[in-house]
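Trainee: I am new to this structure and would like a close look at a single helix in it, one with a covered side and an open side. Could you take me through that part carefully, and then show me what surrounds it?

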Amino acid sequence: MIGREIVRTQDVTKIYRMGREEVPALGGVSLSVHAGEYVSIMGPSGSGKSTLFNMIGGLDKPTGGEVYIDEVDIAQLGIYELAWLRCRKIGYIFQTFNLIPVMNALENVTLPMVFAGLGADEARDKGAALLARVGLGDRLNHKPGEMSGGQQQRVAIARALANDPAIILADEPTGNLDLRTGRSIIDLLSSMKAERGVTVITATHDMKMLAASDRVVWITDGTISRIQRREEMDINVGTIDGKEE
Amino acid sequence: MTETPRRIFAGDTGTRTVVFPWRRTLGMCWANVHNRRGRFLLTLVCVGVTVAFLMATMTWHTILADLGASGDVHVRAVLERAGAFTGDEASLTKQRHQRIWILSLAAVLCVTGITNTMLMSVTERSGEIGTLKCLGSLNAFVVRLFLLESLLVGLIGSAAGALVGYLLGVAQAAVTLEPAVLSGRHLLLPLAVSAPIAVAAGTVLTVISAAYPTWVAARMSPVEAMRVEV
C-alpha cells in the first residue's frame, strides 16, 4: 500500500544559536513518508525529534537541506503559500491541545475552515459532523476549560481534520494524557488514517504508539539511528530498550 | 494535477488571501476582552484616567470660555471672584501651554502603561498566536485581532473616562463658580464639543499603544510563539 511520496526531507540540518554557541539539533536527516502511512518519530527529549517535526510542518526553517511536501520545496514558499499549506495541507495536533480557550469546541473546529474561506453554515455542519465522529457530538458548545484532556485532544483532532488535510502532524499527542485516554487517542488517529487515507506523522516517546505505526523512525542525537517497519517491530517490541541492530 | 515543477500546490484554486469575516473577528475580540477582564481592566483604568483628566480639563475650559464670552456683568464678577477670568492674554497663553504640557505627560504615561500591559498579554497568549498561525492564519489576521481588541478597549475606556471627566468638570464649575450662572447650555456644550474629542483621543492613544505589542505578536514564528512558557 505504498502511495506517492508526500513528505521528503533531504539532508536536513538545524543549528540553533544560543548567544555565541552553536547547538546542533539535527545533523542531516533524510526521510521520506508515503501518502497514507502512519509514521512515528521516536526518540528521547532533546534528540531532535521535535525539531524535525517542526521542519516537516513548515513551522521552522532548516539551516541546511530541503523539506519537500508533495514535491514542493517549502523553503521556496511565500507567506501566503505557507499559510495555505498550514491551513489545508497539514493538520496539527499538539501535546498541550492548544485549543483557543475563549472558543467552544465547534468554534475551535471551524476556525481553520473560516481561514480556508468556507461559509458559516457549511463550516458549522462540517464541524458538527467532525465532532460527532470523534465522539463529542454532545459537547459542541463546551469551552476547552470545561472538557477533560482526552476530550480536548479529540477536539484538536477534529480541528486538525477541518480542511481535509493530506497530512496530520501530531507532536506528543498522548504526552499529557493518562494511559487509557492516550490509547483511545492513538486508536482514533489510526482509524482516521484508515478512513480518510490521511498520512499521520507523530513525534513521540510513547511506546503505545509503536503498535499503531507502519514505520518507526528512531532519532538519536539529531540523526536517524534506525527505521523499523511494523513487521520487524513485532519481534522487537519486548526489547525496546535493547540497542541491538 | 500538473506534472510540471510547481511552487503552488495542486488544488490551490486562487483565493489565497482569505478574508476573515469581520463579525467573527469582532466576536473573537469581544470574547478575549471578556475573558481577560482583569488584564484589560488595567488598560481600561489607564486610558480611562487619562481621558477623564482630558475631559475634565476640556469641560472646565469650555464652560469658562462660554461664560467669558458673555457680556453679563454679574457673570464677569463671578468669574473674577473665582480667579478664573483675566483679560491678560499673555498669562492665558502661558496657562494653555502648561495644560498642554501636563496633558502630554499624561498621554505619554498612558501609552507606556498600555503598551506594557499589552506586551504582557501578547506573551501570555503567545501559545494562542502560534496556534492561530499553525491553523493557517496570516500575520495580518493577528494584527487585526490585536488592533481591534485595543480599539474595543480604547472605546470603552474612553467613553467611561469621558463620562467621569465630564462629571468632574461640571462639579468643578459648580463648586468654583456660582451654580446660578450655569445654564443647561453649559452642561450640554462640553458633551457636544469636548466629549467626541476626548473619546477619539483616548481611542487613538490606545491603538497607538497597541501598535508595538501587535507587531511583536505578528512577527513571532509559530514555533517561537508556542515555545514561550508562561
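Mentor: A residue is called buried if 20 or more other C-beta atoms lie within 10 Å of its own, exposed if 12 or fewer do, and partly exposed in between. Please keep in mind throughout that this is a predicted model.

The part to look at is helix 6 of chain A, which runs over residues 179-196 and so has 18 residues. From its first C-alpha to its last, helix 6 of chain A reaches 26 Å, which is close to the 26 Å expected at 1.5 Å a residue. Within helix 6 of chain A, the residues Gly182(A), Ile185(A), Ile186(A), Leu189(A) and Met192(A) are buried. These buried residues cover an arc of only 120° around the axis, and therefore they sit on the same side of helix 6 of chain A. Turning to the other side of helix 6 of chain A, you will find Leu179(A), Arg180(A), Asp187(A), Ala194(A) and Glu195(A), which are exposed. As for what lies over the buried residues of helix 6, the cover includes helix 5 (149-160), strand 7 (167-171), strand 8 (199-204) and helix 7 (209-212) of chain A. After helix 6 of chain A comes Gly197(A), and the phi of this glycine is positive, near 65°.

Positive phi values also turn up elsewhere in chain A, in residues that are not glycine. Most residues other than glycine have a negative phi. Phe97(A), which is not a glycine, nevertheless has a positive phi of about 65°; Phe97(A) is found in the loop between strand 6 (90-93) and helix 3 of chain A, and because 23 other C-beta atoms lie within 10 Å, Phe97(A) is buried. Glu71(A) likewise has a positive phi, near 65°, in a residue other than glycine. Glu71(A) belongs to the loop between strand 4 and strand 5 of chain A, and with 14 other C-beta atoms within 10 Å it is partly exposed.

That loop leads into a sheet of chain A. Four strands of chain A form an open sheet in the order 2-1-4-5, with antiparallel pairing. Strand 2 (21-34) and strand 5 (72-73) of chain A stand at the edges with a single partner strand each, so one side of each has no neighbour in the sheet. Inside the sheet, strand 1 (residues 5-18) and strand 4 (residues 64-69) of chain A run antiparallel and are joined by five bridges, and Val7(A) has Ile69(A) in strand 4 as its bridge partner. Helix 1 (residues 49-56) of chain A packs on this sheet, where it touches strand 1, strand 2 and strand 4 of chain A, and its direction makes about 125° with that of strand 1.

One loop residue is worth following from here. Ala35(A) lies in the loop between strand 2 and strand 3 (38-42) of chain A, and it is partly exposed, with 17 other C-beta atoms within 10 Å. Leaving aside residues up to four places away in sequence, Ala35(A) touches Gly3(A), Arg4(A), Ile6(A), Ala166(A) and Thr199(A).

Finally, chain A also meets a second chain. In that meeting, 27 residues of chain A are in contact with 27 residues of chain B. Helix 2 (79-89) and helix 3 (105-115) of chain A each supply at least two residues of the side of chain A that touches chain B, and helix 2 of chain A gives the most to that side, with nine residues. By type, the residues on the side of chain A that touches chain B divide into 18 nonpolar, four polar and five charged. Chain B itself has eight helices and zero strands, and 37% of its 230 residues count as buried. To see one residue of chain B beside chain A, find Asn35(B), whose place is in helix 1 (residues 22-35) of chain B. Asn35(B) counts as partly exposed, with 14 C-beta neighbours inside 10 Å, and, not counting residues up to four places away in sequence, Asn35(B) touches Pro101(A) and Val102(A).

Technical notes: Residues are numbered from 1 along each chain as its sequence is written. Chains are lettered from A and ligands numbered from 1 in the order in which they are written. This is a predicted model: local features need pLDDT of at least 70, side-chain atom pairs count only at pLDDT 80 or more; totals for chains, interfaces and linings use all residues. Two residues are in contact if their C-beta atoms, placed from the backbone, lie within 7 Å. Ala, Val, Leu, Ile, Met, Phe, Trp, Tyr, Cys and Pro count as nonpolar, Asp, Glu, Lys and Arg as charged, and the others, Gly among them, as polar. Two strands pair if DSSP finds at least two bridges between them. Axes are lines fitted to C-alpha atoms, for helices over the stretch in contact, and angles run from 0 to 180 degrees between N-to-C directions. The expected span of a helix is 1.5 Å times one less than its number of residues. The arc is that of the directions from the helix axis to the C-beta atoms.
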